[in-house]
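This report looks at nonpolar packing, a helix pair and the cysteines. Please read it alongside the sequence and the coordinates.

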Amino acid sequence: MAITIKSPREIELMRKSCRLLCEVHEELAKIIRPGISTKEIDRICEELIRSKGGIPNFLHYQGYPASVCVSVNEEVVHGIPREDHIIKEGDIVSLDTGLIYQGFHSDAARTHAVGQISAETQKLLDVTKQSFFEGVKMARAGNHLHDISNAIDAYVTPFGYGIVRDLVGHGIGTQMHEQPQIPNFAQRRRGPKLRAGMTLAIEPMINMGCADVEWMDDGWTVVSADHSPSAHYENTVLITDGEPEILTL
């Protein structure tokens, strides 16, 4: 399947979808506190998305039962919200969610510190977020897709962290997951040439320890194999004829 190039009208709808998602993330950031259950976060997220005229695109996607993935500490991604999973002081909580607005998808993830966390864990969060911005510098028409992957890897690897390989970023548009797949680790091949009008969800997932991950028995939750903390940072990005446009910021 080819990488879709969005028309000016489609880009406007993507912008709107992503702006709404940005607002959802800003409001979710305010509710992350000790004592809240991951299920309550999900309830609030779904309410926010629907109140803005969006449809939660994660809900029932391939059977996923919630509107937001809430992944805590060693959970990398796809943590299923539960009433009995209560957020504690010192946790890190990754929220990955998206919405559909007038047929167009948006997708973004943020990792939040709950109260005081260790300096070591804060550094993991900072490096993961910055690795996205290092990658996005290469998200320009005329460059190749894997220039993004290589830039993320070159930034993260010196810190000794594990870059998750089993999960990658993706194209996005009228489908949540479109071509191309976007690895966050160095690639030998250059990958397809980037063109204006492509929309990409770039999402480094970084473990403090090893890069290996395991799937839990629920079939969804992915954890670091050594149970070290994991961080996730994602935005939907538009390739333009100039600077890349980060649609979910």
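Which residues in the largest nonpolar core touch the most other members?

## Nonpolar cores

In this predicted model, the largest nonpolar core holds 30 residues, and those that touch the most other members are V24, L28, I41, I87, V93, L95 and L99. At least two residues of this core come from each of α1, α2, β2 (68-72), β4 (92-101) and β5 (104-113), with α1 supplying the largest share, 8 residues.

Leaving aside residues up to four places away in sequence, L99 touches S17, L20, L21, V24, I49, I55, N57, F104, H105 and S106. A second core, separate from the one described above, has 27 residues, among them L125, F132, L194 and I239.

## Packing of α1 against α2

Helix α1 (residues 8-29) and helix α2 (residues 38-51) have axes that come within 10 Å and cross at roughly 145°, and the crossing of α1 past α2 is right-handed. On the α1 side the contact is made by V24, E27 and L28, and on the α2 side by I41, I44, C45, L48 and I49. By residue class, this contact divides into 7 nonpolar, no polar and 1 charged.

## Cysteines

The structure contains 0 disulfides. For C69, the closest cysteine sulfur belongs to C45 and lies 9.7 Å away, which is too far for a bond, given that the two sulfur atoms of a disulfide must be within 2.5 Å.

C69 counts as buried because its relative accessibility is 3%, whereas C210, at 28% relative accessibility, counts as partly exposed.

Technical notes
Residues are numbered from 1 along each chain as its sequence is written. This is a predicted model: local features need pLDDT of at least 70, side-chain atom pairs count only at pLDDT 80 or more; totals for chains, interfaces and linings use all residues. Side-chain values use heavy atoms; hydrogens and water are left out. Buried means under 20% relative accessible area, exposed over 50%, partly exposed in between (1.4 Å probe, protein chains only). Axes are lines fitted to C-alpha atoms, for helices over the stretch in contact, and angles run from 0 to 180 degrees between N-to-C directions. Helices (H or I, at least four residues) and strands (E, at least two) are DSSP runs, numbered from the N terminus. A crossing is left-handed if the near helix is turned anticlockwise from the far one by less than a right angle, and right-handed if clockwise. Contact means heavy atoms within 4.5 Å. Ala, Val, Leu, Ile, Met, Phe, Trp, Tyr, Cys and Pro count as nonpolar, Asp, Glu, Lys and Arg as charged, and the others, Gly among them, as polar. A nonpolar core is a set of buried Ala, Val, Leu, Ile, Met, Phe, Trp, Tyr and Cys residues joined through side-chain atoms within 4.5 Å.
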